[in-house]
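Reader: I have not worked with this structure before. Could you take me through it step by step?

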Amino acid sequence: PHAAVVIAASVGDEIYFTVHPESVLSRNITSNDRIAVSVCDSVHAVMSQGRAVRVGAAPDLADLISELASATRGGVFTPPGWAGDIYRVDLRRLVAN
């Protein structure tokens, strides 16, 4: 098991997140794409299970990065010049309270 905080956003009913290609997370997803995702605040929680699907390298996904940035409160999805990978969550199970 491995836990990691990632940058994430949702557009078009899909959840996307960032992974640095040299990270432990990247190595783990490469060997086993099953993931668990949780998003919570002080009152609500959403937990899910699924698969991590690599979409591509951030520099090759300018339109998607722009769309994801527009979906965030701060208007930024990745730092300028960030060259990591973007993954999509393929949800298999979702639980909310």
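Author: Certainly. One point at the outset: this is a predicted model. A convenient place to begin is Ser38, which is exposed, with a relative accessible area of 56%. The cut-off for that word is over 50%, so Ser38 qualifies.

Reader: Where is Ser38 placed?

Author: Ser38 lies in strand β3, which covers residues 34–40.

Reader: And which residues is Ser38 in contact with, leaving aside neighbours within four places in sequence?

Author: Ser38 is in contact with Val46 and Met47. There is also a spatial relation to Ala96: the C-alpha atoms of Ser38 and Ala96 are 9.6 Å apart, while 58 residues separate the two in sequence.

Reader: You mentioned Val46. Which strand is that in?

Author: Val46 is in strand β4, residues 45–57. Its relative accessible area is 33%, so Val46 is classed as partly exposed, between the limits of 20% and 50%.

Reader: Which residues make the nonpolar surface patch with Val46?

Author: Val39, Leu91 and Leu94 join Val46 in that patch, and its area is about 340 Å².

Reader: Let us go inside. Which residues make up the largest nonpolar core?

Author: There are 11 residues in that core: Ala9, Val11, Tyr16, Ala58, Leu61, Leu64, Ile65, Leu68, Ala69, Phe77 and Ile86. Two elements, β1 (8–11) and α2 (62–70), each give two or more residues to this core. The largest share is that of α2, with four residues.

Reader: What about a second core? Which residues does that include?

Author: The second core is separate and has eight residues, among them Val19, Ile35, Ala52 and Tyr87.

Reader: Back to the largest core for a moment. What does Val11 touch, leaving aside neighbours within four places in sequence?

Author: Val11 is in contact with Tyr16, Leu64, Glu67, Leu68 and Ala71.

Reader: Glu67 is a new name to me. Is Glu67 buried or partly exposed?

Author: Glu67 has a relative accessible area of 43%, so the residue counts as partly exposed. Glu67 sits in helix α2. Its C-alpha atom is separated by 8.8 Å from that of Phe77, which is 10 residues away along the chain.

Reader: New topic: how many aromatic pairs are counted?

Author: The count is one aromatic pair. Its members are Phe17 and Tyr87, with ring centres 5.7 Å apart.

Reader: Why is that pair called stacked?

Author: The planes of the two rings are at 20 degrees, and the limit for stacking is under 30 degrees, so the pair of Phe17 and Tyr87 is stacked. The pair also links distant parts of the chain, since Phe17 belongs to strand β2 (residues 14–19) and Tyr87 to strand β5 (residues 85–96), 70 residues apart. Both Phe17 and Tyr87 are buried.

Reader: What sits beside them in β2? I was looking at Thr18.

Author: Thr18 is in strand β2. Thr18 is buried, with a relative accessible area of 7%. Not counting residues up to four places away in sequence, Thr18 touches Val6, Ile7, Phe77, Thr78, Trp82, Asp85 and Ile86.

Reader: Now charges. How many salt bridges does the search find?

Author: The search of the whole structure finds four salt bridges. One of them joins the side chains of Glu14 and Arg88, at 3.6 Å from N to O. That pair links distant parts of the chain, with Glu14 in strand β2 and Arg88 in strand β5, 74 residues apart.

Reader: Are Glu14 and Arg88 buried or partly exposed?

Author: Glu14 is partly exposed at 26% relative accessibility. Arg88 is partly exposed too, at 22%.

Reader: Asp85 came up as a contact of Thr18. Which residue does Asp85 meet in a salt bridge?

Author: Asp85 meets Arg54, at 3.0 Å from N to O. This pair links strand β4, where Arg54 lies, with strand β5, where Asp85 lies, and the two are 31 residues apart. Asp85 is buried, with a relative accessible area of 9%, whereas Arg54 is partly exposed at 46%.

Reader: And Asp90, what is its partner?

Author: Asp90 forms a salt bridge with Arg92, and the closest N and O atoms are 2.9 Å apart. Asp90 is partly exposed, with a relative accessible area of 24%. Arg92, at 56% relative accessibility, counts as exposed.

Key:
Residues are numbered from 1 along each chain as its sequence is written. This is a predicted model: local features need pLDDT of at least 70, side-chain atom pairs count only at pLDDT 80 or more; totals for chains, interfaces and linings use all residues. Side-chain values use heavy atoms; hydrogens and water are left out. A nonpolar core is a set of buried Ala, Val, Leu, Ile, Met, Phe, Trp, Tyr and Cys residues joined through side-chain atoms within 4.5 Å. Buried means under 20% relative accessible area, exposed over 50%, partly exposed in between (1.4 Å probe, protein chains only). Contact means heavy atoms within 4.5 Å. Rings of Phe, Tyr and Trp (its six-membered ring) pair if their centres lie within 6.5 Å; planes under 30 degrees apart count as stacked, over 60 as edge-to-face and the rest as tilted. Patches are made of residues with over 30% relative accessible area and no salt bridge: like charges are joined within 9 Å, nonpolar side chains (Val, Leu, Ile, Met, Phe, Trp, Tyr) within 5 Å. Accessible areas come from the Shrake-Rupley method with a 1.4 Å probe; for residues, only the protein chains shown count as cover.
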